[in-house]
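Let's take a walk through this model together, moving from one local feature to the next and then stepping back for the whole chain. Keep the viewer open as you read.

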Amino acid sequence: MKTAAIIGGGVIGGGWAARFLLNGWNVRVFDPDPEAERKIGEVLANARRALPSLYDKALPPEGALTFHADMAEAVAEAAWIQESVPERLDLKHRIHAQIQEHAPASAVIGSSTSGFKPSELNAEGARAVVAHPFNPVYLLPLVELVGDAETCAQASDLLREVGMYPLTVRKEIDAHIADRLLEAVWREGLWLIKDSICTTEELDESIRMGFGLRWAQMGLFETYRIAGGEAGMKHFMAQFGPALEWPWTKLMDVPEFTEELVDLIAGQSDAQSGHMPIRDLERLRDDNLVGMMRALKKSGSGAGGVINAHEAALPTPDAADLPVTVSRPVPQSWTDYNGHMNEAHYTEASAQATDRFMEMIAAGGSYFTVENHVRFLDELHEGDALTVTTQVLQGTGKKMHLFHRLHGPEGKLAATVETLLLHMDLNARGTSLPSPEVADKLAGFAAAHAGLPLPEGAGRHVGQRG
């Protein structure tokens, strides 16, 4: 099990700790703040609720989280050391000197800096690379890497292991890539509010009701390519390029940060969302991010492709008598107003189990469900560990009759789902016999499962019409 050392346990450092911890790493935290353990605990609670909901497979068992007052102890044996102290270059130099003194030679040393260049970080002999993440670190995959090419390549491999998307910046530049874009939007937003064009709420609505939704899936240039119609980007630039010379922006001007401007923006922000505690806002943000990122999984666009690649690398659990066809937490999106898993998602879980079993017999999508029978035996709740085992009741001819057991925490049986499927010819769109390879694999499972017990009544609910 790998170890990560987190130097600085604020919002970003806590997010890094959660990202590594929930992906099976041991995490050691160094932060003199007496509140560090509480703060990281609250970030971790949000992460435990949100990150597993992105996946249809279980994440690895959590590593061990420990807090250390000694830098040497914190970084000992660490494969990754992440510095996330405040954006003061003198402070970073002092911290990196301590890290350098005690860090293993093989460790990647990353800095969460949003603006400093590697040459500035390493001016006094450190060997850090920029590893700039985005909040919440435990959910958003992007990490901008800047620095030594060999170290960045090593960092990329480790970041992919924990489900992140490393983007290596070609040249070092102040604020890297994403923050330069955010800075431009931030400056323009300050002017729009200062000049009474809009309020903070109205500006936020213009983003989240419009281009923000487009950017999540296609970014900037792919979005504009579509705006160019069939002629693509060349037409778009010819049509809208001249507008760049119009006086639409105050991009190069910065409004003076007067007390009046700060009070104006802070007051509008309080009116916009001051009725919600920060932790509630964080959970709302996380739930929305999970929903959007799960939607992107289907197409593999943007962050969805990163999640799919990480999920494919997660281990499939071993089984004793019956194959484990689902192992995952119950996501919050599967629960109703009572916090219980909704009945429709019992069927969805069994459908995932059927799909996984068809992968095991190399059947692809060629068996179609014709009948289900669900028995609800116990409650399942958000975050509960859900395990499904699959037993083959019949596997001859065109028929495949499966019996899924849905187990909740501590192995308690929460439901059973019987499923009758028929093999289909996808070209003729009619029933057909499976290939000999599929038939042999299915028959092998049926023979192996034939002597296993079933709950009373199983095997009599579906498939009685022959």
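Arg208 is partly exposed, with a relative accessible area of 43%. This is a predicted model, and Arg208 is a good place to begin looking at its charged pairs. The partner of Arg208 is Glu205, and the closest N and O atoms of this salt bridge are 3.0 Å apart. Both residues belong to helix H8, where three residues, about one turn of the helix, separate them. Glu205 is partly exposed as well, at a relative accessible area of 25%. Elsewhere, salt bridges with shared partners tie Glu35, Arg38, Glu42, Arg279 and Glu282 into one network.

Stay with that network for a moment. Within it, Glu35 and Arg38 form a salt bridge whose closest N and O atoms are 2.5 Å apart. How accessible are these two partners? Glu35 has a relative accessible area of 34%, so it counts as partly exposed. Arg38 is also partly exposed, because its relative accessible area is 42%.

Now turn to a pair that reaches across the sequence. Lys117 and Asp174 meet through their side chains in a salt bridge of 2.8 Å, N to O. This pair links distant parts of the chain, with the two positions 57 residues apart: Lys117 sits in the loop between strand E5 (108-111) and helix H5 (118-121), while Asp174 sits in the loop between strand E8 (165-168) and H7. Is Lys117 buried or exposed? Its relative accessibility is 16%, so Lys117 counts as buried. Asp174, on the other hand, is partly exposed at 40%. As a general point, side chains of opposite charge can pair when their charged atoms come close. Across the whole structure, a search finds 27 salt bridges.

Charges also gather without such pairing. On the surface, Glu256, Glu259, Glu260 and Asp263 come together in a patch of negative charge. Pick out Glu259, which lies in helix H11 (residues 259-273). Glu259 has a relative accessible area of 62%, and is therefore exposed. Residues in a patch of this kind must have over 30% relative accessible area and no salt bridge, and the 62% of Glu259 satisfies the first of these conditions.

The backbone has some details to look at too. Which peptide bond is cis, with omega near 5 degrees? The bond in question runs from Asn135 to Pro136. Pro136 is found in the loop between strand E6 (129-132) and strand E7 (142-146).

Two other loops hold residues with a positive phi. Ser196 is not a glycine, yet its phi is near 60 degrees. You can find Ser196 in the loop that joins helix H7 (178-194) to helix H8 (200-218). With a relative accessible area of 64%, Ser196 is exposed. Glu410 likewise has a positive phi, about 60 degrees, although it is not a glycine. Its loop runs between strand E12 (399-407) and strand E13 (413-425). Glu410 counts as exposed because its relative accessibility is 86%.

From Glu410, move along into strand E13 itself, where Val417 is placed. Val417 has a relative accessible area of 0% and is therefore buried. In sequence, Val417 and Arg328 are 89 residues apart, and in space their C-alpha atoms are 17 Å apart.

What about the cysteines? A disulfide is a covalent bond between the sulfur atoms of two cysteines. How many disulfides does the structure hold? The count is zero. Cys152 is buried, with a relative accessible area of 2%. Cys198 is buried too, since its relative accessibility of 15% falls under the 20% limit.

Finally, step back to the whole chain. The protein chain contains 15 helices and 14 strands. Taken along the principal axes, its C-alpha atoms fill a box of roughly 80 × 60 × 45 Å. Of the 466 residues in the protein chain, 42% are buried.

Notes. Residues numbered from 1 in each chain as written. Predicted model: local features only at pLDDT ≥ 70, side-chain atom pairs only at ≥ 80, totals over all residues. Heavy atoms only, no water. Patch = residues over 30% accessible without salt bridge, like charges linked within 9 Å, V, L, I, M, F, W, Y side chains within 5 Å. Areas by Shrake-Rupley, 256 points an atom, 1.4 Å probe, with all protein chains shown as cover. Salt bridge = Lys/Arg side-chain N within 4 Å of Asp/Glu carboxyl O. Lys, Arg positive; Asp, Glu negative; His and termini not counted. Charge placed at Lys NZ, Arg CZ, Asp CG, Glu CD. Helix = DSSP H or I, 4+ residues; strand = E, 2+ residues; numbered from the N terminus. Buried < 20%, exposed > 50% of the residue type's maximum accessible area, 1.4 Å probe, protein only. Disulfide = S-S within 2.5 Å.
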